[in-house]
Amino acid sequence: MDGNGEVQQDGAAIAMGAPERFRGPLDVLHDVFGYQAFRPGQREIIGLLTGGTSALAVMPTGAGKSLCYQIPAILSERRTVVVSPLVALIDDQAAALRANGVNVAAIHSGRAREANVEEWRDFAAGRSKLLYLSPERLMTPRMLAAMKRIDPGLFVIDEAHCISKWGPSFRPEYEQLAELGQHFPNATIAAFTATADSATRADIADKLFHGNGRTIVHGFDRPNLQLAVQPKTNWRRQLMEFLGGKEGQSGIVYCLSRRLTEEVADYLCEQGIKVIAYHAGQPADQRREGQDRFMSEDGVVMVATIAFGMGIDKPDIRFVCHLNLPGSMEAYYQEIGRAGRDGAPAETLMLYGLDDIRMQRQFIENDGENDEHKLREHKRLDALLAYCEASGCRRQALLAYFDDASEPCGNCDNCLHPPKVVDGTGEARALFEAIASTGQFFGASHIIDILRGAETQKIAERGHDKLDVFGIGKARPKDFWQGFIRQAVAGGHLVINIQRYGCLELTPSADAMMVGQETFSIREEALMPCAKSKREEKRAARVQAAANELSERDQSLLKELKALRLDLARERGVPAYVVFPDATLIELARVRPTSEAQMGEVNGVGPKKLAEYAEPFLKVIAAA
Ligand code: ADP
Ligand code: ZN
């Protein structure tokens, strides 16, 4: 690599200088990344940044945020600094850029000091024109002074919502980034986030740009994600039904606790499924190994706590299943957003039960922060529960939460199988009466025992068998009442009081119902889940149809291409998708290029990758 960083046709690395052969962003997209067209929003943001306008871009996970700043960085005469909070994220981004022939430097705490010094030298000397680092490393007086001498043209703030106290994941070390503009008045600032409601957006823009920047919101809609929520009745059965027809696909199963994570992983293993468990209680190298396997092997199911996934950029994750209620809509959106980043269909399923609601409330109460914060978090949880119990389109409900209007999607569980809504006012009155007449002092299981006329010691001791409502709901099974209470909680008629050990309390709307002023509609289906629903059957058929799109002959070639990719990825110590994403392999299997030139036409094959991989891939294709 020569000092002034000219880019050569043979795929030599891209370093300093504005490489003459790129006439504009589209050239870089083709010639460096090997993609044919921009995705929605990319061109606009790249245009702003190359024109020197600071911008906040709110785009969903998988929309392709990285290219929005990587292309301006490659085109710029000056250097670019990318602030990113996570070591794993930094390493993955750096590996992906290097695979496309772009020199990058990365400084972070996961590396030895000498290695960091070396990376800094590369950046300072212009051998790398991009530097990734964490916020706390950038904002030290020493680093700022050194950085001023380099005079970067672009600062990129990834996961920018961390700067806002309004958001759910505020990080104190991000707060200082508000001073960036004063330190570097001649630099453009680009901020990216996938989760920010309107208040959070305004706050981020205000802190980073002080009014001199644009905010661009690009739809949160991820039409390729199928949304579904079910009440948890029997997670083993529900999970196995969901996994039916997904053999050979990669996916994530999220659990709230380490214990459940292990239990689920053991169970799936017994069922003959290739599975890895991942949680914060494991030694670091075990976690690392699990993550590497998930990234590089096909068809692995990762059972994990939410400790897993931040910064996981695996584009071909085909499903995400939550066995517990997520922490908030933001968390849910981010977690399901890890599926289908390649744009191909992906399925999501969330199971939730009363225990989950109680546990999440408990977390919020124990979180120790001030009351205002707790109140806000409880409200967030309420919004999530309302989503779970929604009887209309899920996607519409999800997007509405992020202030995005949309039409019914036709692809979620509620659109495909509209739930039947029935009148439950009579049952509601009985339930509320049972709660009221026992002093709003008991949790769901005791209240259900009363309604069903159970002869427990607790009931006898307290004389609850003398109540008018004792046994009044005998005709209904326990499951029914659990579902009913869940819906009453989600509908805001009951609250679970965590400070009083999870007892059920009535809200004003429940009072109104008891005196006959309001009625209560419930989702019938949610109350009586049946064994294998029509929904599951249809879903399995759809998955099969997608897989059948490739001919049998192409399928077998695809398998070989995947095996080759895995070998190449292992040799290089990078995740498989860094070699080629799934979409590219599928196109290769379909198109069957016979020359380098033909292979270069395939989406996702840039010149660097062509030089490196054409030979082995063409060989496998020719032999097929
Ligand atoms: P985000 O950061 O928004 O979650 P990424 O930047 O990681 O998303 O991009 C997601 C995936 O989409 C990556 O594999 C990336 O290479 C791919 N991608 C980005 N832009 C394009 C494009 N214009 N055409 C095809 N693939 C793209
Ligand atoms: Zn829908």
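**A quick tour: zinc site, strand S14 and the chain ends**

Start by selecting Cys-409: at 24% relative accessibility, this residue is partly exposed, because that class begins at 20%. Keep in mind as you click around that this is a predicted model.

Now add the zinc ion (ligand 2) to your selection. Cys-409 is one of its protein donors, alongside Cys-393, Cys-412 and Cys-415, each binding through SG. These sulfurs sit 2.3 to 2.4 Å from the zinc ion. Turn the view and check the geometry: the four donor atoms make angles of 103 to 120°, and the site is tetrahedral. If you prefer to follow the site along the chain, look for the spacing C-x15-C-x2-C-x2-C. Click on Cys-415 too; that donor is partly exposed, with a relative accessible area of 22%.

Next stop: Thr-348, which you'll find in strand S14, residues 346-352. Is Thr-348 buried or exposed? It's buried, since its relative accessible area is 1% and the cut-off is under 20%. Show what surrounds Thr-348: leaving aside residues up to four places away in sequence, it touches Gln-226, Leu-227, Ala-228, Phe-242, Val-320, Tyr-332 and Ile-336. Zoom in on Gln-226, whose backbone oxygen is 2.8 Å from a polar atom of the Thr-348 side chain.

Last, colour by pLDDT. The chain average is 86, and 91% of the residues score at least 70. Select residues 1-11, where pLDDT drops below 50; this stretch has 17 contacts in the model beyond near neighbours in sequence. Then pick residues 529-533, also below 50, with six such contacts.

Terms used
Residues are numbered from 1 along each chain as its sequence is written. Chains are lettered from A and ligands numbered from 1 in the order in which they are written. This is a predicted model: local features need pLDDT of at least 70, side-chain atom pairs count only at pLDDT 80 or more; totals for chains, interfaces and linings use all residues. Side-chain values use heavy atoms; hydrogens and water are left out. Donors are N, O and S atoms within 2.8 Å of the metal (3.2 Å for Na, K and Ca); water is not among the atoms, so sites may look incomplete. Four donors count as tetrahedral if all angles lie between 85 and 135 degrees; four count as square planar and six as octahedral if opposite donors are over 155 degrees apart and all others between 65 and 115; anything else is irregular. Buried means under 20% relative accessible area, exposed over 50%, partly exposed in between (1.4 Å probe, protein chains only). pLDDT is the predictor's confidence in each residue, from 0 to 100. Contact means heavy atoms within 4.5 Å. Helices (H or I, at least four residues) and strands (E, at least two) are DSSP runs, numbered from the N terminus. A polar contact is a pair of N or O atoms within 3.5 Å; within protein, one must be able to donate a hydrogen and the other to accept it, and residues adjacent in sequence count only if both atoms are side-chain atoms.
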